[in-house]
Amino acid sequence: MPKQVVVLGATGSIGCSTLDVIAQHPGEFQVLALTGGLRVDVLFRQCVSFKPRFAAVLQEKDASELQRQLKDAGLSTQVLAGEQAFCDLAAHPDADIVMAAIVGAAGLLPTLAAVKQGKTVLLANKEALVMSGELFIDAVKQHQATLLPIDSEHNAIFQCLPADLQAHSYQSDLQKAGIAKILLTGSGGPFRQKPLAEFAAITPEQAVAHPNWSMGRKISVDSATMMNKGLEFIEARWLFNCQPRDIEVVIHPQSIIHSMVQYSDGSVIAQLGNPDMRTPIAHALAFPKRIATTVKPLNFFEVPVFSFEKPDPSRYPCLFLAIEACGAGQGATTALNAANELAVDAFLAGRIPFTSIAEVNAATLSQFTHHQATQLQDILAVDQAARRHAEQLLRTMHA
Ligand code: NAD
Ligand code: MG
């Protein structure tokens, strides 16, 4: 029997790559439901190809239009609308695997809904874990969900862990497993060598043009500021049950090594491959089996020289804000994530310069460093309060 898959955020970069892998393995996976935010035309084409039982979009009017189009095309897919529909589909009794690939805080409740039904959750939506850390992991434990990382770095770390730690990596005892350090690699983004004096003039088009990876706009800007690595630092803290001192960020501009685990005997185990998200997606979809993808095999006679650098705080202030927030606690990471979402949106909309992203993030974080948030309603309240704070800052900057 093929596994039934729900793809949340199907119309995005990760969603499309997921469907690409599924299309190659029709005997292994069947699409139960597809959800998208606003790109209804893309969702329509995906429904025609994969014939899911359900589809969902954000707006009611888009849902009726999509329903009409699908009916005309002879499909019986049932179309739903709104956040509750995303949650219901993520928790559907027939779903085996849920790909959590909505971008940002909007993914939290649907992803948690899948966790609470004990699903196999493939986590791309790092913001959900950054926002809710302990609560999220507690829910995974309580409902015996299977949590598999899609983020290429975390998927790499997962693959480098001893096999007996993998199934419950979030309960790892790193010391007992002989692990000295998690080495989180990042490319350094498109501005690794740009003179700092030119940062204020960076345009959205320059910021979303990542040298190695093709991704959605928000994560591309996060990669340029290295806030992405900061969010991943917090994500690793929860996925592998480690402390900030256990994680080291290493810039590796070629993006061939996707992350590493350093053991206390001096061994370092790394996962390598061409930078293509279909590899971690295929790994998690089929885990613990391996399935083929069309990813170009790594040819060592063609790869460039590997190099490594230490991240510079004056070039990547957002990375260091995230590391600070990780040490401070849940209120801090939730607030920083919220501020960053607004700041990145404002930058992409041309409201603020690139350098103001870090300013909004730093000013918001400083207001919320000591906020504690353990229950879901506290987390959502901090998220909302931090958004209001950041919006206020953006208004004064824009004025
Ligand atoms: P994207 O912008 O390409 O796609 C986002 C998806 O979320 C789309 O389907 C969109 O319709 C949906 N969406 C947006 N707002 C929504 C809302 N309010 N409600 C419901 N759905 C909504 O983003 P992406 O690059 O595919 O990234 C998705 C997630 O995966 C992010 O959390 C990102 O950090 C993570 N991730 C992405 C990559 C990558 O290579 N793209 C790598 C690692 C992790
Ligand atoms: Mg990543």
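Two strands count as paired if DSSP finds at least two bridges between them, and the legends below use the term in that sense for a model that is predicted.

**View 1. Strands β8 and β9 in the open sheet of four strands.** Strand β8, which spans residues 179-186, pairs with β9 in the parallel sense, and five bridges connect the two. Within this pair, Leu184 stands opposite Val249 of β9. The sheet to which they belong is open, has the strand order β9-β8-β10-β11, and shows mixed pairing. Its edge strands, each pairing on one side only, are β9 (247-251) and β11 (268-272), and from one strand to the next the twist averages 20°.

**View 2. Helix α7 across the sheet of four strands.** The helix, made of residues 152-160, lies across β8, β10 (257-263) and β11. Relative to β10, helix α7 runs at about 40°.

**View 3. The open sheet of seven strands.** The order of the strands is β4-β3-β2-β1-β5-β6-β7, and their pairing is parallel. Strands β4 (78-81) and β7 (146-149) form the edges, each of them pairing on one side only, while the twist from one strand to the next averages 25°. At the β7 edge, strand β6 (residues 120-123) runs parallel to β7 and is joined to it by four bridges; in this pair, Thr120 has Thr146 of β7 as its bridge partner. In general, strands of a sheet pair through backbone hydrogen bonds, in either a parallel or an antiparallel arrangement.

**View 4. Helix α4 across the sheet of seven strands.** Helix α4, residues 83-90, lies across five named strands, namely β1 (3-8), β2 (29-35), β3 (54-57), β4 and β5 (97-100). The angle at which helix α4 runs to β3 is about 150°.

**View 5. The surroundings of ligand 1.** Of the 24 residues around the ligand, those that come nearest are Thr11, Ser13, Gly37, Glu127 and Gly216. Backbone atoms of glycine residues lie close to ligand oxygen atoms in three places: a polar backbone atom of Gly9 is 3.3 Å from an oxygen atom of ligand 1, a polar backbone atom of Gly37 is 2.7 Å from an oxygen atom of the ligand, and a backbone N or O atom of Gly216 lies 2.9 Å from a ligand oxygen atom. Taken alone, ligand 1 exposes 830 Å², of which the protein buries 86%. Two elements, α1 (13-23) and α6 (126-142), give two or more residues each to the shell around ligand 1. Sorted by class, that shell holds 13 nonpolar, eight polar and three charged residues.

**View 6. Backbone geometry in two loops.** A cis peptide bond, with omega at about 5°, joins Phe287 and Pro288, and Pro288 is located in the loop between α12 (278-286) and α13 (317-328). In the other loop, which lies between α2 (40-50) and β3, is Lys51, a residue that has a positive phi of about 45° although it is not a glycine. Both features merit a close-up because most residues other than glycine have a negative phi, and most peptide bonds are trans.

Key: Residues numbered from 1 in each chain as written. Chains lettered and ligands numbered in written order. Predicted model: local features only at pLDDT ≥ 70, side-chain atom pairs only at ≥ 80, totals over all residues. Heavy atoms only, no water. Axes fitted to C-alpha atoms, helices over the stretch in contact; angles between N-to-C directions. Contact = heavy atoms within 4.5 Å. Near = heavy atom within 4 Å. Polar contact = N/O pair within 3.5 Å; in protein donor to acceptor, adjacent residues only side chain to side chain. Areas by Shrake-Rupley, 256 points an atom, 1.4 Å probe, with all protein chains shown as cover. Nonpolar A, V, L, I, M, F, W, Y, C, P; charged D, E, K, R; others polar.
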